[in-house]
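Biologist: I'm new to this model. Could you pick a single part and take me through it closely, explaining your terms as you go?

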Amino acid sequence: MPEAPKNSPKANNFIVAEENKKTLHFIEEVTTKADEVQKRVLAEILSRNSNVEYLKRYGNLNDNTDRETFKKVMPVITYEDIQHDINRIASGDKSPIFCSQPVSEFLTSSGTSGGERKLMPTTEEELGRRSLLYSLLMPVMSHFVPDLETGKGMYFLFVKSESKTPGGLLARPVLTSYYKSPHFKNRRPDPYTNYTSPNEAILCPDSYQSMYSQMLCGLSQNAQVLRVGAVFASGFIRAIRFLEKHWSLLCSDIRSGIMNTELITDSSVREAVMKILKPDPDLADFIEAECSKKSWQGIITRLWPNTKYVDVIVTGTMSQYIPTLDYYSNGLSLVCTMYASSECYFGVNLNPLCKPEDVAYTLIPTMCYFEFLPIYRNNGVMDSISAPKSLNEKEKQTLVDLVDVKIGQEYELVVTTYAGKYM
């Protein structure tokens, strides 16, 4: 039998299907053996960091890596408890304070959970761990929505400003760190990371030029778009509002096939976009007709008719944007794919087409060591288990392991990471 051509769609689809199967098997395996995996993860963290200052300061583990000793010796802490040590690292102290591996940069918290931004020391290895979690998302999504590999994703992704600490380490948001890393910029060809936006547009530090370029690329490839999104719901709505304001200029560029050089001054962005942009008067007329209509209800499905869902975070404070997204998308599914923070990436949504109010995440046991602090509510007010006076000392110190959480009980998440966060 002759060998199938390397560019055969059927051959490519088979490869994608096999890769997806391996990914889903990995999720099934690590979650089925969660307790075993968690024991191994904690042992790895403690053994590799056995000589760091922090672990020695709060109690000598004597090379013990079992969780019973760890729970007995190590206290549950908050960011404020280690802020002095973080400031030491920021000022240039290179000694192994939290982690045996060198700190590569600081990740700044988004502040979406309230409070001031925090500095989270991280390592190069953590980039790989975050990339692993990203690789789980689309195989899960494709289990519910077929043929996503045949088109593109129109995602509005942006980098934010970064600074340097007195010691010379970069301090920047976790997504900016990821987008600027080789894991993202040099990612291998993958139908699931085939975005309408070129890297140059995503990495452009000028937010206006970045938004304009990404919207222009998304519109010019509208028939290929199968999914749209941004990180947060607010970011995607900001993109639609940008389109409302600038659609005439965008149509002009699409009609002529030439980018507006007065608006886009970044030469690398112009060069990348011009590889995508082609003169298309018919598409420009279509976009102009749709955007000129009085109502913008369903504008997403009108301009990008093959879109299957909107991929944005709509939980927590982002839930306020759900009615607006429903209006613009004609009720397309709003998908929240992952659970993550600056401290650590946690898990994925294994039922991504659920309603926003039913979103739940499955924690991936390889990401870090998870513990859970039970929460109780007194007259609707949330208190951690350490607060109620009716609890005895043993109960106050009890943290629940991943496999021991109970349905219906609320918890605060406590993590111990490979990068040396014992919080």
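**A close look at aspartate 206**

Modeller: Aspartate 206 counts as partly exposed, because its relative accessibility is 34%; that class lies between buried (under 20%) and exposed (over 50%), using a 1.4 Å probe and protein chains only. Please keep in mind that this is a predicted model, where local features need pLDDT of at least 70, side-chain atom pairs count only at pLDDT 80 or more, and totals for chains, interfaces and linings use all residues. Residues are numbered from 1 along each chain as its sequence is written, and side-chain values use heavy atoms, leaving out hydrogens and water.

Where does aspartate 206 sit in the chain? Its place is the loop between helix H9 (199-202) and helix H10 (207-220). Helices here are DSSP runs of H or I with at least four residues, strands are runs of E with at least two, and both are numbered from the N terminus.

The side chain of aspartate 206 has a polar atom 3.0 Å from the backbone nitrogen of glutamine 209. Phenylalanine 158 is 48 residues away from aspartate 206 in sequence, yet their C-alpha atoms are 9.3 Å apart in space.

For some wider context, the model also has an open sheet of 4 strands, ordered S2-S1-S5-S4, with mixed pairing; two strands pair if DSSP finds at least two bridges between them. Strands S2 (119-122) and S4 (163-164) are at the edges with a single partner strand each, so one side of each has no neighbour in the sheet. Strands S1 (105-108) and S5 (170-173) run parallel and are joined by 3 bridges.

How values were computed. A polar contact is a pair of N or O atoms within 3.5 Å; within protein, one must be able to donate a hydrogen and the other to accept it, and residues adjacent in sequence count only if both atoms are side-chain atoms.
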